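Got the model open in your viewer? Keep the selection box handy and follow along, one stop after another.

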Amino acid sequence: MTALSLDDDAPWSLADILARRSLVALVPFAHTGDLLTAPDGVAVAALDHDVVVELTAENRALLSAWTTRADRVFLFDEARPSLRRLLRAGVDVARPVCRATLERLAGGGADDTGNVPRDALAARERAKHIVHRLEQQLERVDERGAKKIARLENLVLRAFAALEDRGLAVDVAGWRALVDESAHKAAAAKGALFAAAGPLIPRDLFGTPEINLDADADVRALLERAANGKLDDLGRATIERIDHPTATPIARALLEYREHNKIVSTYGDAFLSHVDKRDGRIHAMFIPLGASTGRVASRDPNLQNLPSDARFHACL
């Protein structure tokens, strides 16, 4: 166990700050942007002392002994990536407070980078900056009546960081087979639409239909010609109501094409590119205050918007 310094004028060690200050800023730093690797070190700052240390086995154990305590609060610049990085070092933080979260609740703009500083000097300056601004931020949050919300939003950061770090295992082969199936069905629906539309769709010299089924203007023009009337919009409900000998088969084929093509475009290669090859899992981001309504948002990819088909769910 590292001995505590007794002279307040002398530089404090990591053990000194953790033992003698109940609230400190903690900013990890790493030379890479890979959130699945442990940070190189951390900067720790109280109002009166600060230190930068490498994350040796001894320092990891020291941090872990304090970060899980209920009587210690750790302030982060951007908690989500910082907590994820620390988890990779075996350091779990029970009571995080996030500068970016407080900034949003205080009415300020978000400036998240989604990662941690790349070097020790930047981490140290950031730690000193945020710990000295904390009181002002808390006052602004309190003025907006968001004190209780701030407490809740900061407490859930630990859970979301663990959720992201654990990730979601994906049966890539099974998922891709379902996407391929949708691609075949989309192609079949497209062919059926072209056949139903016949001369309503112009064709080039080689007989290829000159229409983009993903362009609203092209689709609207085709359906209005077929139905011999105007459409209020191109929503599913409107298209389902089309009742015309020529237009109805086109509308049905279009809806089927859209359904399967969305699976291909949203959950195909772009979705599977997020599967980390090292562990076969998707480590998506969850942002507790990400939506304008204050609800949780998810991205890279959005795991809150998955196909309704139970067969896709079975691949997760």
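Start at the second largest pocket, which holds about 270 Å³ of space. Select Glu259, Ile263, Pro307, Ser308 and Asp309: of the 16 residues lining this pocket, these sit closest to its centre. Now colour helix H7 (172-197), helix H10 (247-267) and helix H12 (310-313), the elements that give two or more residues each to that lining. H10 has the largest share, with 5 residues. If you colour by residue class, the lining of the second largest pocket shows 6 nonpolar, 4 polar and 6 charged residues.

A word on what you are looking at: this is a predicted model. The protein chain averages a pLDDT of 93, and 96% of the residues score at least 70. Residues 1-6 are another matter, with a pLDDT below 50; leaving aside near neighbours in sequence, this stretch has 10 contacts in the model. Where pLDDT is low, the predicted coordinates should not be read in detail.

Stay with H10 for a moment and pick His260, which is found in that helix. Is His260 buried or exposed? It is buried, because its relative accessible area is 10%, under the 20% cut-off. Show the side chains of Ser182, Lys185 and Ala186 as well; His260 touches these three, not counting residues up to four places away in sequence.

Next, go to the largest pocket, with about 400 Å³ of space. It is lined by 16 residues, and to find its centre you can select Val97, Leu138, Ala150, Arg151 and Asn154, which lie nearest to it. Strand S5 (96-98), helix H5 (120-143) and helix H6 (147-166) each bring at least two residues to the lining of the largest pocket. H6 gives the most, 6 residues. By class, the lining of the largest pocket divides into 10 nonpolar, 1 polar and 5 charged residues.

H6 also leads to the next stop, the largest cavity. A search of the whole structure turns up 1 cavity of 30 Å³ or more, and the largest cavity holds about 40 Å³ of space. Select Leu83, Leu87, Asp92, Val93, Arg158 and Ala161 to see what lines the largest cavity. Helix H3 (79-88) and H6 each supply at least two residues of this lining, which splits into 4 nonpolar, no polar and 2 charged residues.

Now select H3 by itself. How many of the 10 residues of H3 are buried? The count is 8, so the helix is largely enclosed by the rest of the structure. The buried residues in H3 are Ala79, Arg80, Pro81, Ser82, Leu83, Arg84, Arg85 and Leu86. To see what covers them, bring up strand S1 (23-29), strand S4 (73-76), S5, H6 and strand S9 (285-287), which are among the covering elements. Just after H3, click on Gly90, which takes a positive phi of about 80°.

Another histidine is worth a click. His49 sits in the loop between strand S2 (41-45) and strand S3 (50-54). His49 is buried, with a relative accessible area of 12%. Draw a distance from His49 to Arg99, C-alpha to C-alpha: they are 50 residues apart in sequence and 19 Å apart in space.

Then try the cysteines. Cys98 is buried at a relative accessible area of 4%, and Cys315 is buried at 9%. How many disulfides are there? The count comes to 0.

Finish with some backbone geometry. Which residues are joined by a cis peptide bond with omega of about -5°? Asp300 and Pro301 are. Pro301 is found in the loop between strand S10 (297-299) and H12, and Asp300 lies in the loop between S10 and H12 as well. Asp300 also has a positive phi of about 60° although it is not a glycine. Its relative accessible area is 41%, so Asp300 counts as partly exposed.

For the last selection, jump to Asn228, in the loop between helix H8 (216-227) and helix H9 (236-240). Asn228 is not a glycine, yet it has a positive phi of about 55°. Switch on the surface and look for Asn228 there: at 70% relative accessibility, it counts as exposed.

Conventions: Residues numbered from 1 in each chain as written. Heavy atoms only, no water. 1 Å grid on protein atoms, 1.4 Å probe; cavity = no way out; pocket = protein on both sides within 12 Å on 5 of 7 lines; lining within 4 Å. Points joined across faces, edges and corners; volume = space filled by probe spheres on them. Helix = DSSP H or I, 4+ residues; strand = E, 2+ residues; numbered from the N terminus. Nonpolar A, V, L, I, M, F, W, Y, C, P; charged D, E, K, R; others polar. pLDDT = per-residue confidence, 0-100. Contact = heavy atoms within 4.5 Å. Disulfide = S-S within 2.5 Å. Buried < 20%, exposed > 50% of the residue type's maximum accessible area, 1.4 Å probe, protein only.
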